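Subject: Structure for you to look at

Hello,

Here is the structure I said I would pass on. Please open it alongside this message.

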Amino acid sequence: MTPDELFDDIAADLAHRGAISGAMFGKRALKAHGKAFVCLKDDRLAFKLGDGTPAHAEALALQGAELFDPSGNQFPFKDWVAVPHTYAAQWPELAEAALSSLTS
């Protein structure tokens, strides 16, 4: 499954919780309560998990994962982790965690 197809599946699965598709920095994103919590850039899906949370640490520990730098200019967002497509099976769970962090 391509990153775009998986993004669409995640969006559909989270729609009942108020997630809507939108854009962030010109990239496909999921938003809820007016805030982005997932962003697709190339073959990586970035999740707003909150710096210092267990979910953030676990995502960042995945090989190839890194802090999300949407501009590519060495200004990463400390609350966001970009996870490569290699871990696509974990993307839905990470998206759930990111959405939950918006409401906690």
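Below is what was found in it, starting with the core and ending with the salt bridges. Please keep in mind that this is a predicted model.

Core

The largest nonpolar core has 25 residues, and those touching the most other members are I10, F37, V38, L45, F47, V83 and W91. Two or more residues come from each of α1 (3–14), β2 (27–32), β3 (35–41), β4 (44–48), β6 (77–84) and α3 (91–103). A second core of eight residues lies apart from it, including M24, A36, C39 and W80.

Helix α3

With 13 residues at 1.5 Å each, α3 should span 18 Å, and the distance of 19 Å between its end C-alpha atoms agrees with that. Its buried residues are W91, L94, A95, A98 and L99. Viewed down the helix axis, these buried residues fall within an arc of 135°, so they line one face of α3. The background is that an α-helix has 3.6 residues a turn, so residues three or four places apart point the same way. The buried residues pack against α1, β2, β3, β4, α2 (54–60) and β6. E93 and T103, on the other side of α3, are exposed.

Positive phi

Most residues other than glycine have a negative phi. D42 is not a glycine, yet its phi is positive, at about 60°. D42 sits in the loop between β3 and β4 and counts as exposed because its relative accessibility is 62%. Q74, also not a glycine, has a positive phi near 65°. Q74 belongs to the loop between β5 (66–68) and β6, and it is exposed, with a relative accessible area of 69%.

Salt bridges

There are three salt bridges in the structure. R28 pairs with D4, with 2.9 Å between the closest N and O atoms. R28 is in strand β2 and D4 in helix α1, so this pair ties together parts 24 residues apart in sequence. R28 also forms a salt bridge with D8, at 2.4 Å from N to O. D8 is likewise in helix α1, so its pairing with R28 in strand β2 ties together parts 20 residues apart in sequence. D4, D8 and R28 are thus linked in a network of salt bridges.

The remaining bridge joins E96 and R17, at 2.5 Å from N to O. E96 is in helix α3 and R17 in the loop between α1 and β1 (20–24), 79 residues apart. E96 is partly exposed, at 33% relative accessible area, and R17 is partly exposed at 30%.

Regards

How values were computed
Residues numbered from 1 in each chain as written. Predicted model: local features only at pLDDT ≥ 70, side-chain atom pairs only at ≥ 80, totals over all residues. Heavy atoms only, no water. Core = buried A, V, L, I, M, F, W, Y, C linked by side-chain atoms within 4.5 Å. Buried < 20%, exposed > 50% of the residue type's maximum accessible area, 1.4 Å probe, protein only. Helix = DSSP H or I, 4+ residues; strand = E, 2+ residues; numbered from the N terminus. Expected span 1.5 Å × (residues − 1). Arc of directions from axis to C-beta. Contact = heavy atoms within 4.5 Å. Salt bridge = Lys/Arg side-chain N within 4 Å of Asp/Glu carboxyl O.
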